Amino acid sequence: GPGVDGAYDVLVIGAGQAGLAVARELSRTGLSYVVLDAQEGVGAAWRHAWDSLRLFSPARWSSLPGFLMPGGEEEYPRRSEVMAYLAEYERRYGLNILRPVRVQAVIRNGEGFRVETNRASFQARFVVSATGTWDAPVIPDVAGRAEFRGLQVHSAFYRRPQAFAGQRVVVVGGGNSGAQILAEVSKVADTTWATLRPPTFLPDDVDGRVLFDVATQRYRAQQAGVAFSAPSLGDIVMVPGVREARERGILHARAMFTRMTGSGVVWPDGQDQDVDAVIWCTGFRPALEHLAPLGVVGPEGRVQVQGTHSVRESGLWLVGYGNWTGFASATLIGVGRSARATVGEIRDAAGRQPPSEN
Ligand code: FAD
């Protein structure tokens with residue numbers, strides 16, 4: 001495993017699709033780089049997704065630059081297929097990745113940065129943070145939450161329904177994670193769905209490919225300064241499991257409970273309900289703790305950027321995370337554009353000429 005300190009032109013933090021796309025672009029420049037990733041093996045956040053997870057878009061629309069995910073236009077890839085694809089992407093481009101290495105702090109040091117990890121410390125002229133959101137799950141601050149004696153799991157750690165067989169379970173959250181987890185847990189457990197707002201469902205024929213097309217049109221219109229009014233279609237994609245749950249009549253949400261007790265939850269009408277487990281499908285925020293020493297992380301947990309470039313720290317870029325670092329940059333199909341732009345800027349900053357393409 002890694003143990004040596006090193007000095008690089010560029011240090012990339014995170015080897016999910018965002019870090020890999022950046023690394024592949026860097027490998028085509030003359031710049032030295034390394035990618036540090038906290039996980040034991042390939043796959044980044046996809047290692048931890050639930051077993052039954054499938055992508056929203058067919059393989060062709062879920063690919064990184066240079067190499068299409070196998071599976072074509074009809075198959076919605078499984079979690080394991082995404083992991084295999086990312087593994088092949090690393091291998092094919094011979095990307096320089098060290099695992100498991102967790103970056104603890106990025107600190108200004110002369111013209112560049114000192115990057116401190118649990119294994120060694122590194123020096124780099126430029127840093128790209130591509131740490132995603134999986135390492136920073138969000139659970140709302142509900143009164144009494146600490147008193148609850150039952151099981152609480154965030155969707156980040158949920159794997160399969162069997163663990164909840166025969167139990168009384170509240171699934172919290174009106175997004176895709178909530179709907180998909182509710183759909184499968186409700187087959188083995190007595191479930192209640194709790195959401196802040198009534199959930200909204202997309203038409204059955206809308207998948208990730210359609211959403212991406214609509215978002216692309218909106219983005220292009222914005223770039224051109226043209227009005228584009230497509231109504232928000234809804235939040236929840238009707239994947240087969242969720243459609244099946246609708247047939248069983250379980251896609252009904254209650255307004256979020258107001259507090260928790262030792263044995264359960266209290267609903268807005270004052271009714272107490274005993275429950276065995278609560279599954280929090282309540283989202284994530286950007287995993288940016290390692291940037292704290294730079295003082296660039298704002299109150300919303302984001303860094304102010306122009307494109308992907310930190311406004312305040314000239315040697316720092318952020319790729320992935322969400323639309324705030326670039327259009328669709330938190331998707332497999334969208335992150336390539338952000339990665340390419342980022343490496344272009346780094347190459348300019350490094351004052352090097354691009355190598356000849358061949
Ligand atoms: P990640 O995959 O999270 O990779 C970041 C890596 O950085 C991880 O390995 C992490 O451990 C590591 N890391 C974090 N902090 C540190 C640190 N301090 N030091 C070292 N390493 C660190 N997108 C699609 O395109 N299609 C879909 O169908 C789709 N479905 C999704 C379903 C779910 C349930 C979720 C949650 C997301 C889905 N996404 C989908 C969105 C997106 O593609 C994923 O969230 C994806 O994992 C984002 O990739 P990333 O590279 O930005 O981050």
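The shell of residues around the ligand divides into 16 nonpolar, nine polar and three charged members. The model described here is predicted. Among the 28 residues that surround the ligand, those coming nearest are Gln17, Asp37, Gln39, Phe56 and Val103. The points below concern the polar contacts of the ligand and a set of parallel strand pairings.

**Ligand contacts**

- The side chain of Asp37 places an N or O atom 2.7 Å from an oxygen atom of the ligand; Asp37 is also one of the residues that come nearest to the ligand.
- Ala330 contributes through its backbone, a polar atom of which is 3.2 Å from a ligand oxygen atom.
- Ala45 likewise presents its backbone, with an N or O atom 3.3 Å from an oxygen atom of the ligand.
- The protein buries 87% of the 980 Å² that the ligand exposes when taken alone.

**Strands β8, β9 and β10**

- Strand β8, spanning residues 168–172, pairs with strand β9, spanning residues 190–195, in the parallel sense, and five bridges join the two.
- Within this pairing, Asp190 in β9 stands opposite Arg168.
- Between β8 and β9 the chain passes through helix α3, residues 176–185, forming a β-α-β crossover that is right-handed.
- Strand β9 also pairs with strand β10, residues 253–255, in the parallel sense over three bridges.
- In the pairing of β9 with β10, Ala194 stands opposite Arg254.

Terms used. Residues numbered from 1 in each chain as written. Predicted model: local features only at pLDDT ≥ 70, side-chain atom pairs only at ≥ 80, totals over all residues. Heavy atoms only, no water. Near = heavy atom within 4 Å. Polar contact = N/O pair within 3.5 Å; in protein donor to acceptor, adjacent residues only side chain to side chain. Areas by Shrake-Rupley, 256 points an atom, 1.4 Å probe, with all protein chains shown as cover. Nonpolar A, V, L, I, M, F, W, Y, C, P; charged D, E, K, R; others polar. Pairing = 2+ DSSP bridges. Helix = DSSP H or I, 4+ residues; strand = E, 2+ residues; numbered from the N terminus. Right-handed = clockwise from strand over helix to strand, strands pointing away.
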